[in-house]
Amino acid sequence: MEHPLGLAPGKIVAVHLNYRSRAAERGRTPAVPSYFVKPTSSLSWSGRPVVRPAGCELLAFEGEIAIIIGSRAHRVSRERALDHVAGYAAANDFGVYDFKHADLGSNLRAKGQDGYTPIGPAILRTDDPSKLWLRTYINGELVQEACTDELLFGFDLLIADLSRLMTLEPGDIILAGTPAGSTVVQPGDVVEVELEDTGRLRNEIVADDHELAAYGVQPKITDEVRAAAYGSAGASAAAETPAETSAETGDAVSALLGEETVAALRSVSTATISSQLRKRGIDHHFIEGVKPARPDLRMVGIARTLRYLPLREDVFAEIGNGMNAQKRTVEEIQPGEVLVISARGEHGSGTLGDILALRALRRGAVGVITDGGLRDSPSFANLELPSYYAVAHAAVLGRRHVPMDSQIPVDCGGVLVMPGDVLVGDAEGVVVIPPRLVDEVARDSAKQEKEERFIYERVDEGASVDGLYPMNKAWRQVYEEQERAE
């Protein structure tokens with residue numbers, strides 16, 4: 001069947017990693033682009049189903065931009081590379097991770113199956129593709145959003161690089177990579193990819209009703225493969241066993257820290273945790289000057305840090321707009337993480353608003369903290385996301401800040417926060433726990449609160465605190481006898 005857009009590529013070349021957010025998600029940033037080739041028989045279009053083979057679980061989408069070559073390109077310069085482009089279109093680079101083990105690098109059976117490269121529904125023609133917006137939706141919910149100003153390797157470089165060693169013919173297609181947010185989809189899900197205002201490329205996932213023949217390579221899944229398919233180990237654990245990892249659907253914190261530890265941290269106050277940290281020589285652990293938008297919500301999660309620096313207008317003009325460090329960090333958030341914004345305690349502008357907070361929540365964030373201002377603060381009262389902030393402020397961050405970088409050690413509320421630190425928040429505030437101490441702090445905090453409940457009950461009955469708080473030998477004997485009796 002002929003493609004509705006008349007596409008008939010001689011080859012489809014796909015880039016492995018090309019968006020900064022995706023590179024951060026994968027934990028590696030390439031110095032030069034690398035590629036693989038997809039069979040032309042994988043080409044498809046909007047409205048056609050994408051088939052998950054029988055016996056497979058991990059079919060993942062990757063919203064991308066297709067670069068359509070318009071004229072022959074051989075050893076072209078970067079300066080003239082875009083002259084050879086006919087246009088751009090939304091594309092989806094589907095892949096079934098169950099076959100990743102079969103053709104490492106080539107992705108032949110993982111990504112080369114029939115219908116695994118839908119492109120359309122229209123071709124965008126522009127002389128400047130440097131700020132094109134790409135969005136992907138699953139069942140109507142936005143799951144990927146990125147601008148081409150986030151690319152590691154621009155379209156001109158890709159064309160020039162490939163044409164050094166091969167000829168790009170009219171009709172050939174280059175898939176320019178996917179941003180953060182790619183994950184596994186299930187039969188019945190509808191995936192839509194949108195490039196600017198050209199309409200949505202729409203494909204429904206269906207299950208193959210034909211059993212896979214017994215000869216040849218068979219589907220195979222490892223923990224590593226599952227994590228890669230879902231985008232992170234935390235995401236895969238949450239998707240695979242949500243009921244077992246947490247009583248709260250979709251919460252991956254228990255998968256990261258352990259059920260017993262998380263249950264203990266959720267049951268104790270930050271004041272008790274503070275006491276336990278001081279016993280271990282960690283005095284600077286309470287994030288000062290922040291308050292909860294929702295005192296009724298508890299927070300337990302892993303730190304993902306974001307640093308703001310003082311405003312300098314020329315620097316902001318260069319890196320502060322578009323898909324800046326703030327938005328990239330939100331798009332890189334993994335389930336179970338808390339976004340920690342270092343704003344230097346500056347209260348003269350907002351640092352985060354409700355739209356990005358909602359996006360963080362949809363990506364699996366379990367909290368946000370800023371020692372600066374919070375925009376749209378009334379909206380946070382209705383957001384099921386623990387949020388801690390210093391002040392409410394209507395102004396955008398560009399009034400005082402340049403969003404600079406992420407996943408580095410930062411200062412927030414006078415406390416050093418490292419990426420991966422454990423954060424616990426309640427109505428009183430937020431404490432930072434070093435990961436190496438989290439299990440014992442959680443265990444001993446629960447033990448301390450149990451003892452303090454006993455003390456509280458005795459005081460309520462009229463007992464003096466003398467010898468009771470803290471417990472002397474006699475009172476401890478009473479406490480231990482009561483424990484044995486229970």
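Glu-346 is partly exposed in this predicted model, with a relative accessible area of 22%. The value is over the 20% limit under which a residue counts as buried, so Glu-346 falls into the intermediate class. Glu-346 sits in the loop that links strand 18 (337–342) to strand 19 (350–352). Its side chain makes a polar contact of 2.6 Å with the side chain of Arg-400. The C-alpha atoms of these two residues are 7.9 Å apart, although 54 residues separate them along the chain. A polar atom of the Glu-346 side chain also lies 2.6 Å from the backbone nitrogen of Gly-348. Beyond four places in sequence, Glu-346 touches Asp-371, Gly-372, Gly-373, Arg-400 and His-401.

Two further loop residues were examined. Thr-198 lies between strand 13 (190–195) and strand 14 (200–207). Thr-198 is buried, because its relative accessible area of 15% is under the 20% limit. Its side chain reaches the backbone oxygen of Leu-195 at 2.7 Å. With neighbours up to four places away set aside, Thr-198 is in contact with Pro-121, Ala-122 and Leu-124. Pro-470 occupies the loop between helix 14 (438–460) and helix 15 (473–485). The relative accessible area of Pro-470 is 67%, over the 50% limit, so Pro-470 is exposed. The C-alpha atom of Pro-470 lies 9.0 Å from that of Glu-452, a residue 18 positions away along the chain.

The protein chain as a whole contains 15 helices and 28 strands. Its C-alpha trace spans about 90 × 60 × 35 Å along the principal axes. Of the 486 residues, 52% are buried. Contacts between residues at least 6 apart in sequence were also analysed; 76% of them join residues at least 24 apart. The accessible surface amounts to about 21400 Å². Carbon and sulfur atoms contribute 50% of that surface. Charged side chains number 51 positive and 71 negative. The centres of the two sets are 4 Å apart.

The interior was then considered. In soluble globular proteins, nonpolar side chains tend to be buried together. The largest nonpolar core in this model comprises 34 residues. Those with the most contacts inside this core are Leu-265, Ile-273, Ile-287, Val-340, Ile-369, Leu-423 and Ile-433. Apart from this core lies another, of 29 residues. Its members include Val-15, Ile-65, Ala-146 and Val-193. Within the largest core, Ile-369 is one of the residues with the most contacts. Residues up to four places away in sequence aside, Ile-369 touches Ile-287, Met-299, Val-338, Leu-339, Val-340, Ile-341, Tyr-388, Cys-412, Leu-423 and Val-430.

Helix 5 was examined from end to end. This helix covers residues 223–230. Thr-222 caps its N-terminal end. A side-chain oxygen of Thr-222 lies 3.1 Å from the backbone nitrogen of Val-225. Val-225 is itself one of the buried residues of helix 5. The others are Arg-226, Ala-227, Ala-229 and Tyr-230. Gly-231 follows the helix, with a positive phi near 105 degrees.

Terms used:
Residues are numbered from 1 along each chain as its sequence is written. This is a predicted model: local features need pLDDT of at least 70, side-chain atom pairs count only at pLDDT 80 or more; totals for chains, interfaces and linings use all residues. Side-chain values use heavy atoms; hydrogens and water are left out. Helices (H or I, at least four residues) and strands (E, at least two) are DSSP runs, numbered from the N terminus. Buried means under 20% relative accessible area, exposed over 50%, partly exposed in between (1.4 Å probe, protein chains only). Contact means heavy atoms within 4.5 Å. Accessible areas come from the Shrake-Rupley method with a 1.4 Å probe; for residues, only the protein chains shown count as cover. Lys and Arg count as positive and Asp and Glu as negative; His and the chain ends are not counted. The place of a charge is taken as NZ of Lys, CZ of Arg, CG of Asp or CD of Glu. A polar contact is a pair of N or O atoms within 3.5 Å; within protein, one must be able to donate a hydrogen and the other to accept it, and residues adjacent in sequence count only if both atoms are side-chain atoms. A nonpolar core is a set of buried Ala, Val, Leu, Ile, Met, Phe, Trp, Tyr and Cys residues joined through side-chain atoms within 4.5 Å.
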